[in-house]
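Student: I would like to know how labels such as "buried" and "salt bridge" are justified. Can we go through some cases?

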Amino acid sequence: MIRSIISALLIGVAALVPAGAGANGPIRLADDAPDSHVVVPGDTLWGISGKFLKEPWRWPEVWRLNHDQIRNPHLIYPGQVVVLDRSGASPALKIGKRIGAGGSDRALYEKRFPQVYSEPAKSAIQSIPVRAIQPFLSEPLVVNDQQDADAGIIVATQEGRVFTGAGDTVFATRILPGVPNWNVYRKAKPLREPVTGEILGYEATYLGRARVTAEAGLPQPEAERGSDEKVRLPVPASLTITAAKMEIGKGDRLLPAGRPELLSYVPHAPSDDMNGRVVSIYNGVAEAGRYNVVSISLGKREGVEIGHVLSLYRNRGETLYREDNVGRPQQFKLPEQRYGLVFVFRVFDRIAYALVMDNDGPVAVADSVRKP
């Protein structure tokens with residue numbers, strides 16, 4: 001059992017912004033917004049807010065969360081009643097408790113304010129469907145050329161095996177002293193900007209994890225063949241494979257493993273304009289839908305943060321038209337169509353991973369992403 005103050009966010013890196021930051025005009029209610037909603041298992045805060053708002057990602061503003069409340073969010077549980085308060089200058093969502101009977105449009109509620117609950121953490125509803133992104137919090141990895149050049153590299157395996165698995169020992173060089181845990185990866189396909197072809201990074205295949213059991217030793221002397229002269233050979237670090245998703249062998253790379261954290265995802269719009277494109281759809285499929293993961297051509301360099309919400313625009317291409325089949329045809333660039341939203345949950349230098357939250361039609365590579 002744990003003590004928790006009211007909010008709906010469970011895991012991820014906190015995108016901490018004051019309520020209203022990045023707001024885009026007044027809050028707009030959904031056309032059929034109800035007066036209340038009873039929270040049920042499986043609800044997400046995004047989904048609940050979508051019942052009331054045309055822009056569900058703006059829930060931190062409507063819940064009137066200030067900076068401290070977002071930093072220490074309050075948990076919402078199944079069985080509670082979310083009430084839409086229309087009495088102020090702008091709408092607000094609050095937690096209420098049914099105190100009277102009547103029709104669904106006239107039921108009475110007692111307004112309640114943040115309070116302490118004692119509940120199992122796993123029963124609280126989530127901001128977004130966390131299960132859709134959990135595999136991506138540690139994998140896949142995106143590395144650039146410099147990171148790959150500096151990464152540790154496996155130079156030998158236990159008893160000369162071609163491949164190893166969990167519990168086996170490997171030997172690696174370029175292992176930084178004092179860093180015990182490492183991710184093992186194999187560099188795979190380049191991630192290219194769809195229009196320019198520029199390489200933004202490499203999506204590496206995550207293989208598993210390893211832990212250092214003995215750091216690299218001092219070079220040891222060894223007799224040179226056919227000579228009494230001795231040369232000093234480097235001694236690689238020893239590591240034990242603690243988890244293996246795929247077989248691990250010589251030449252595979254290692255990067256320091258970050259400490260897993262349980263933090264908060266808070267959706268918000270970027271403060272500055274952004275213009276990028278969908279680079280790839282994870283698992284190599286041609287099109288993506290709701291709750292699929294895509295990579296986009298925006299990262300830390302462009303100011304992208306975890307929690308940013310971006311709009312999807314469909315590239316409709318160009319067309320040729322010749323009036324009455326006479327004269328030279330005229331070329332037109334068709335306007336882009338806004339058709340969905342993505343939620344950024346992991347950010348690298350020039351690439352970010354985002355979850356498709358809403359879409360009217362399939363998401364395709366080269367579609368644009370912009371500030372909503």
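**Labels and their reasons**

Tutor: Asp 168 has a relative accessible area of 13% and is buried. Keep in mind that this is a predicted model.

Student: Why is Asp 168 called buried?

Tutor: Buried means under 20% relative accessible area. The value for Asp 168 is 13%, so the residue is buried.

Student: What makes Asp 168 and Arg 161 a salt bridge?

Tutor: The closest N and O atoms of the two residues are 3.0 Å apart. The cut-off is within 4 Å, so the pair counts as a salt bridge.

Student: Why is Arg 161 called partly exposed?

Tutor: Arg 161 has 33% relative accessibility. Partly exposed lies between under 20% and over 50%, so the label fits Arg 161.

Student: How do you know that Asp 85 and Lys 94 form a salt bridge?

Tutor: Their side chains meet at 3.2 Å, N to O. That value is within 4 Å, so the pair is a salt bridge.

Student: Why is Asp 85 called buried, and why is Lys 94 called partly exposed?

Tutor: Asp 85 is at 11%, under 20%, and therefore buried. Lys 94 is at 24%, between the two cut-offs, and therefore partly exposed.

Student: What makes Asp 35 and Arg 86 a salt bridge?

Tutor: The N to O value for Asp 35 and Arg 86 is 3.3 Å, within 4 Å, so the pair qualifies. This pair links distant parts of the chain, with the two residues 51 residues apart.

Student: How many salt bridges are found in the whole structure?

Tutor: The search finds 13 salt bridges.

How values were computed:
Residues are numbered from 1 along each chain as its sequence is written. This is a predicted model: local features need pLDDT of at least 70, side-chain atom pairs count only at pLDDT 80 or more; totals for chains, interfaces and linings use all residues. Side-chain values use heavy atoms; hydrogens and water are left out. Helices (H or I, at least four residues) and strands (E, at least two) are DSSP runs, numbered from the N terminus. Buried means under 20% relative accessible area, exposed over 50%, partly exposed in between (1.4 Å probe, protein chains only).
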